[in-house]
Structure formats: C-alpha cells, structure tokens
Amino acid sequence: MALIALLISAFAIGTTEFVIMGILPDVASDLHVTLSAAGLLVTGYALGVAIGGPVVTVCTGRLSRKSLLFSLMLIFVAGNLLAAVAPNYLILMLARVLASFSHGTFFGVGSIVATRLVPREKQASAIAMMFAGLTLANILGVPFGTFIGQIWGWRSTFWVVTALGILSLIGIALLVPRMQGDTLSDFRQEIRVLRSKQVMLALLMTILGFGGVFTAFTYIAPILTDITGFGARAVTPILLLFGVGMTIGNTVGGRMADWKLMPSITGMLALLTTVLAVFSLTSSYKIPAVLTVLVWGFASFTIVPAFQMRVLAKAQGSPSIASALNISSFNLANAGGAYLGGWVIDSGPGLGSLPWVAAAVTAAGLLVTLISWSLDQREAAPSMPAEHVQNL
C-alpha cells in the first residue's frame with residue numbers, strides 16, 4: 001500500500017510535468033504571450049528539476065524520509081495551486097519552478113523508500129512500481145488533463161493536479177511507514193558521492209543512454225506527419241501506443257534489473273540502440289513505423305528503474321544525493337536530447353536523420369555501461385580465488 005501511495009504521487013508529478021505541452025496554445029492565448037514564450041514553461045520546469053533536486057536534498061538532510069516526502073508534496077500542491085490562480089505569465093513561471101523543486105528529490109528519496117519496503121531481490125521492481133506513475137501519467141493523466149483544459153480552460157487542469165497532490169499527501173501520511181534509521185545523511189557525507197568514479201559513470205550512463213530517446217522523441221510529431229505521412233489527428237493515438245510500451249517496459253525492466261543488473265542494462269541499451277536505428281528505416285512506412293514506436297516505448301523505459309538501481313548500488317552511504325542527481329540526469333538527458341535534435345534539424349542533415357543520431361547517443365551510453373561493468377569485474381577479481389580468476 002505504501003508503494004501505491006508513491007505511485008499516486010509519481011502520477012501527479014508526471015501529469016503536471018507533461019500536461020503543459022497539451023495546453024500551451026490555451027496558456028499563450030489567455031496570458032497574451034507568444035507560443036515560444038509559453039514553451040519556456042517546459043524549460044523552466046526541467047531546469048528546476050535538474051538544479052532543485054540535489055539542492056533540496058542537501059538542504060533537507062535532517063528530516064526523516066517520510067517527513068521529507070510529505071513536505072515535498074506540500075511544495076507540489078502549493079506550486080500547482082499558484083499556477084491555477086496565476087494572474088500573469090511571470091507568476092505562472094514561478095509556480096512551475098516551485099512545483100519542479102519537489103520533483104527530483106521526491107523521486108530520489110522515493111526510490112530509496114521503495115527499496116526499503118521490499119526484500120532485496122525485489123528492490124528494482126519496487127522502484128519500477130513507483131515510476132509506473134510516470135508512465136500512467138503519459139497514458140491517462142496528460143490526455144485527460146489536456147481534455148479538461150481545452151473544455152474548461154487551462155486553469156482547471158492545474159486545479160485537478162492540485163487535487164491529485166492533496167490525495168498524495170493523504171496517502172503518504174497514512175500509508176508510508178516511518179523506518180528505523182530514517183534520517184538522511186549529513187551534507188559532507190552525501191557530497192562525498194561525487195568522488196566515486198562509478199557513481200559518475202552511472203550518471204553519465206543515464207544522460208547518454210536516455211538522451212538518445214529524447215533526441216528523436218521530442219520531434220516525433222513532425223516525423224510521423226512529414227516523413228511517415230500520417231495526419232495530425234493520428235499522432236495522439238500513436239503516442240498513446242508509445243505510452244503503453246513505456247508502461248510494459250517499466251515493469252519488465254524492473255524485474256530484469258532484479259535478476260541481473262548490469263547484464264540487463266547492457267541488453268536494454270543494445271535493444272534501444274537497435275530500435276532507434278531501425279526507426280530510421282521504418283519511419284517511411286505507416287504500419288512498420290507504428291510497430292516500431294510501440295517497441296521504442298518499451299525499450300525506452302526498461303532502462304529507467306535499472307539506471308536508478310545502479311546509482312543506489314554504487315552510492316553506499318550517500319544514496320539520497322546520488323539518487324536525486326540521477327533524476328536530474330534524466331532531465332538533462334531530456335533537455336540535451338531535445339537541443340541536439342533541434343540542432344540536427346536546423347544545422348545538420350535534417351529531420352529524417354534524427355533516429356540515427358539518437359541511436360548514436362544511446363550507443364555512447366552503452367559504451368559507458370560496458371566500461372563501468374568492466375571496472376566492476378576488475379574490482380571483484382582480487383577477492384576471487386586465484387584459480388577462479390584464471391578461469392575468467
């Protein structure tokens with residue numbers, strides 16, 4: 001039941017992050033700003049997550065994890081409530097940034113809490129269950145929130161998200177237990193994690209491995225309309241299919257990570273690289289393109305719980321800041337991938353080449369993974385019996 005409370009919170013956070021994209025024209029029209037200026041509400045949120053996550057984590061080290069999760073959802077509710085009543089663009093931007101400050105730390109600390117609620121062999125699956133809230137937000141929360149915003153105005157969307165935040169507060173208060181040794185580490189202990197080569201490699205795995213996803217996915221709509229030949233109305237159901245693949249991949253990825261973490265990450269990244277490369281060929285044909293998008297969604301989220309588990313495994317003694325930094329890395333991957341994709345379109349070979357570029361970025365993440373895995377094997381070798389090392 002505690003995992004369900006975390007899932008609901010993740011659903012609320014994921015909805016407020018992505019639903020703004022569906023109501024951007026309404027926001028721009030109502031607040032009398034350009035569409036590009038309204039688009040900065042997406043950028044502001046992402047930067048708030050990337051910067052705010054580690055900072056908030058470090059500054060709240062004396063709180064128990066349950067108290068911290070509850071406080072973060074209070075910030076989330078306050079930010080979305082302010083967005084619902086924002087009289088102008090500046091206040092709306094401040095509201096988005098305020099809400100984003102809860103994002104990175106919540107997923108970082110929530111991942112740690114999730115692993116402590118289950119036996120060791122199911123920890124990655126527990127993380128996957130919490131992150132399922134994000135995938136469900138894309139399938140249910142964003143379309144529903146967009147529909148509400150288009151019918152009753154964009155402010156109604158934020159009122160609904162605020163209600164979801166209040167429901168999350170109740171769930172955390174009633175269902176998430178206090179645990180022994182629940183207080184976070186102090187600043188000096190947490191910041192020491194930045195000295196770990198394996199933690200830094202794990203963060204780079206996230207940035208590159210997931211960066212390839214958004215290099216192409218940011219521009220999936222023009223790819224489907226301009227290259228594949230779909231009408232604009234067909235894009236939404238295809239994106240929902242991508243979300244279905246994400247949901248299935250998140251669950252499967254958690255179970256695979258529980259089974260064998262590094263072999264699973266390697267296989268997942270190899271699959272994702274292959275799918276992105278194949279999409280460069282199938283994007284010209286409607287049925288193959290749709291099938292590829294489904295598999296792409298699956299492959300893109302198998303790696304999410306695995307990456308989070310890898311960071312936690314390597315950040316012994318400093319899990320909170322490392323976990324929050326990994327959430328920031330996901331957002332840097334989103335922002336960096338989107339920027340790279342835009343550069344390729346404007347200055348490079350164009351829209352049709354995006355899947356190849358995305359595949360190259362993910363392949364770089366695969367290379368970093370192999371380097372990190374080889375370091376694991378070198379570190380383990382001295383502790384093995386000599387005859388076993390010879391057999392390797």
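Q: Where is the kink in H9 centred, and what is its angle?
A: Happy to start there: in this predicted model, H9 bends by about 30° at a kink centred on Gly211.

Q: How do you know that the span of helix H9 agrees with its number of residues?
A: Set the two values side by side. Helix H9 covers residues 197-217, and its 21 residues should span 30 Å at 1.5 Å a residue. The end C-alpha atoms of H9 are 30 Å apart, so the span agrees with what is expected.

Q: What makes H9 count as largely enclosed by the rest of the structure?
A: A residue is buried when its relative accessible area is under 20%. In H9, 16 of the 21 residues are buried, and therefore the helix is largely enclosed.

Q: Why is Leu208 called partly exposed?
A: Leu208 belongs to helix H9. Its relative accessibility is 23%, and the partly exposed class runs between the 20% limit for buried and the 50% limit for exposed. Leu208 therefore counts as partly exposed.

Q: Which residues does Leu208 contact, leaving aside its neighbours within four places in sequence?
A: Val361, Thr362, Ala364, Gly365 and Val368 are in contact with Leu208. Ser347 is a different kind of pair: 139 residues separate it from Leu208 in sequence, and their C-alpha atoms are 21 Å apart.

Q: Is Thr273 buried or exposed, and how do you know?
A: Thr273 sits in helix H12, residues 261-282. With 16% relative accessibility against a limit of under 20%, Thr273 counts as buried. Beyond residues up to four places away in sequence, it touches Ala359, Thr362 and Ala363. Thr362 is thus a partner of Thr273 and also of Leu208.

Q: What makes Leu69 count as buried?
A: Leu69, in helix H4 (residues 65-85), has a relative accessible area of 0%, so it is buried. Not counting residues up to four places away in sequence, its contacts are Leu6, Phe106, Val109, Gly110, Val113 and Ile172. Val109 lies 40 residues from Leu69 in sequence, yet their C-alpha atoms are 7.5 Å apart.

Q: Why is Arg378 called exposed?
A: The exposed class needs over 50% relative accessible area, and Arg378 has 61%, so it counts as exposed. Arg378 is part of helix H15, residues 354-380. Its C-alpha atom is 36 Å from that of Thr60, which is 318 residues away along the chain.

Q: What is the phi of His32, and why does it stand out?
A: His32 has a positive phi of about 60° although it is not a glycine. Most residues other than glycine have a negative phi. His32 lies in the loop between helix H2 (24-31) and helix H3 (35-59). At 72% relative accessibility, against the over 50% cut-off, it counts as exposed.

Q: How do you know that H11 is close to its expected length?
A: H11 has 28 residues, for which 40 Å is expected at 1.5 Å a residue; from first C-alpha to last it reaches 41 Å. Buried residues of H11 include Val235, Phe242, Gly249 and Gly253. Its buried residues pack against H6, H9, helix H10 (220-228), H12 and H13.

Q: What lines the largest pocket?
A: Its lining has 47 residues, with Phe18, Met21, Val42, Phe214 and Phe217 nearest the centre. By class there are 33 nonpolar, 13 polar and one charged residues. Helix H6 (residues 123-152) gives the largest share, nine residues. The space in this pocket is about 1600 Å³.

Q: What lines the second largest pocket?
A: Here 18 residues form the lining, and Arg120, Gln123, Met309, Leu312 and Ala313 lie nearest the centre. Helix H5 (89-116), H6, helix H11 (232-259) and helix H13 (286-314) each give two or more residues. The classes are ten nonpolar, three polar and five charged, around a volume of about 470 Å³.

Q: Why is Gln123 called buried?
A: The relative accessible area of Gln123 is 17%, and buried means under 20%, so Gln123 is buried. Gln123 lies in helix H6. Leaving aside neighbours within four places in sequence, it contacts Thr115, Val118, Asp258 and Met309.

Technical notes:
Residues numbered from 1 in each chain as written. Predicted model: local features only at pLDDT ≥ 70, side-chain atom pairs only at ≥ 80, totals over all residues. Heavy atoms only, no water. Helix = DSSP H or I, 4+ residues; strand = E, 2+ residues; numbered from the N terminus. Expected span 1.5 Å × (residues − 1). Bend = angle between axes of the 7 residues up to and from the residue. Buried < 20%, exposed > 50% of the residue type's maximum accessible area, 1.4 Å probe, protein only. Contact = heavy atoms within 4.5 Å. 1 Å grid on protein atoms, 1.4 Å probe; cavity = no way out; pocket = protein on both sides within 12 Å on 5 of 7 lines; lining within 4 Å. Points joined across faces, edges and corners; volume = space filled by probe spheres on them. Nonpolar A, V, L, I, M, F, W, Y, C, P; charged D, E, K, R; others polar.
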